[in-house]
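Visitor: I have a protein model open and would like to learn how to read it. Could you walk me through it, one feature at a time?

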Amino acid sequence: MPAIGGPEWTGGCLCGAVRYRANAPPQWASYCHCGMCRKVSGAPYMAFVEFPEGALEWTQGERSRYASNEGVARGFCGECGSSLTFEADGLVFMALGSLDHPENVEVQRHCYTKFKLPGIKLADGLPEFPGPFGGKGGFPIG
Ligand SMILES: [Zn+2]
Ligand SMILES: [Zn+2]
């Protein structure tokens with residue numbers, strides 16, 4: 001991933017009501033194939049990035065939150081409905097697609113592949129985990 005001083009890490013929802021910025025590159029990024037990510041996004045799977053603690057700043061508007069399961073909230077724009085976050089244990093993970101330049105993010109792994117849609121053939125060579133990735137950079141809760 002580009003070092004500090006590289007691209008700006010900004011993002012927001014489709015309508016622009018909610019915007020954020022990070023002053024450091026993401027420390028990890030993962031695809032998630034779980035059924036809840038599918039529902040909340042309407043897409044076959046999602047990807048999330050985590051910026052270092054304290055790097056993220058909300059610069060415009062306020063996200064709405066939906067408590068999807070115990071200890072977990074999904075953040076979205078109350079105006080346009082764009083998915084923005086996965087939040088658990090005080091951590092906020094950003095939806096990769098909400099970044100202005102998601103092409104600058106190097107995704108490291110696939111998680112919850114036991115729920116992957118059968119028609120999706122992964123060919124990127126990244127490690128695949130049937131459940132959560134247990135180490136640093138994993139989703140704390142499924
Ligand atoms: Zn919006
Ligand atoms: Zn998921």
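Guide: Happily. Keep in mind that this is a predicted model. Let us begin with contacts: among those in the protein chain between residues at least 6 apart in sequence, 55% join residues at least 24 apart.

Visitor: And what does the secondary structure of the protein chain come to?

Guide: There is 1 helix, along with 10 strands. Following the sequence, you meet them in the pattern β-β-β-α-β-β-β-β-β-β-β.

Visitor: How much of the protein chain do buried residues make up?

Guide: Of its 142 residues, 32% are buried. A residue counts as buried if 20 or more other C-beta atoms lie within 10 Å of its own. With that in hand, we can look at single strands.

Visitor: Let me try β3, then. Are its residues buried or exposed?

Guide: Strand β3 covers residues 28–32, and 5 of the 5 are buried, so the strand is largely enclosed by the rest of the structure. Now look at the directions: W28, S30 and C32 point one way, while A29 and Y31 point the other way, and all are buried.

Visitor: Which strands do bridges join to β3?

Guide: One is β4, residues 46–50, which runs antiparallel to β3 and is joined to it by 5 bridges. Within that pairing, A29 stands opposite V49, and Y31 has A47 as its bridge partner. Another is β10, residues 109–111, which is parallel to β3 with 3 bridges between them. There, S30 is partnered with R109.

Visitor: How many residues of β4 are buried?

Guide: 5 of its 5 residues are buried, which leaves β4 mostly covered. M46, F48 and E50 point one way from the strand, with A47 and V49 pointing the other way. β4 is also joined to β9 by 2 bridges, in the antiparallel sense. In that pairing, V49 has M94 as its bridge partner.

Visitor: Several of those are nonpolar. Is there a general idea behind that?

Guide: In soluble globular proteins, nonpolar side chains tend to be buried together. In this model, the largest nonpolar core has 29 residues, and C32, M46, F48, V49, L84 and M94 touch the most other members. Strands β2 (19–22), β3, β4, β8 (83–88) and β9 (91–95) each supply at least two residues of this core.

Visitor: Which residues does L84 touch, not counting those up to four places away in sequence?

Guide: Among them are C13, V18, F76, C77, M94 and A95. The list also includes R63, G75 and S98.

Visitor: Now for sheets. In what order do the 3 strands of the open sheet come?

Guide: The order is β1-β2-β5, with antiparallel pairing. At the edges stand β1 (9–12) and β5 (56–60); each has a single partner strand, so one side of each is left without a neighbour in the sheet. On average, neighbouring strands here are turned by 25° against each other, direction ignored.

Visitor: Over how many bridges do β2 and β5 pair?

Guide: They pair over 4 bridges, in the antiparallel sense. If you want a place to find that pairing on screen, R21 stands opposite E57 in β5.

Methods: Residues are numbered from 1 along each chain as its sequence is written. Chains are lettered from A and ligands numbered from 1 in the order in which they are written. This is a predicted model: local features need pLDDT of at least 70, side-chain atom pairs count only at pLDDT 80 or more; totals for chains, interfaces and linings use all residues. A residue is buried if 20 or more other C-beta atoms lie within 10 Å of its own, exposed if 12 or fewer, and partly exposed in between; C-beta atoms are placed from the backbone. Two strands pair if DSSP finds at least two bridges between them. A nonpolar core is a set of buried Ala, Val, Leu, Ile, Met, Phe, Trp, Tyr and Cys residues joined through C-beta atoms within 7 Å. Two residues are in contact if their C-beta atoms, placed from the backbone, lie within 7 Å. Axes are lines fitted to C-alpha atoms, for helices over the stretch in contact, and angles run from 0 to 180 degrees between N-to-C directions.
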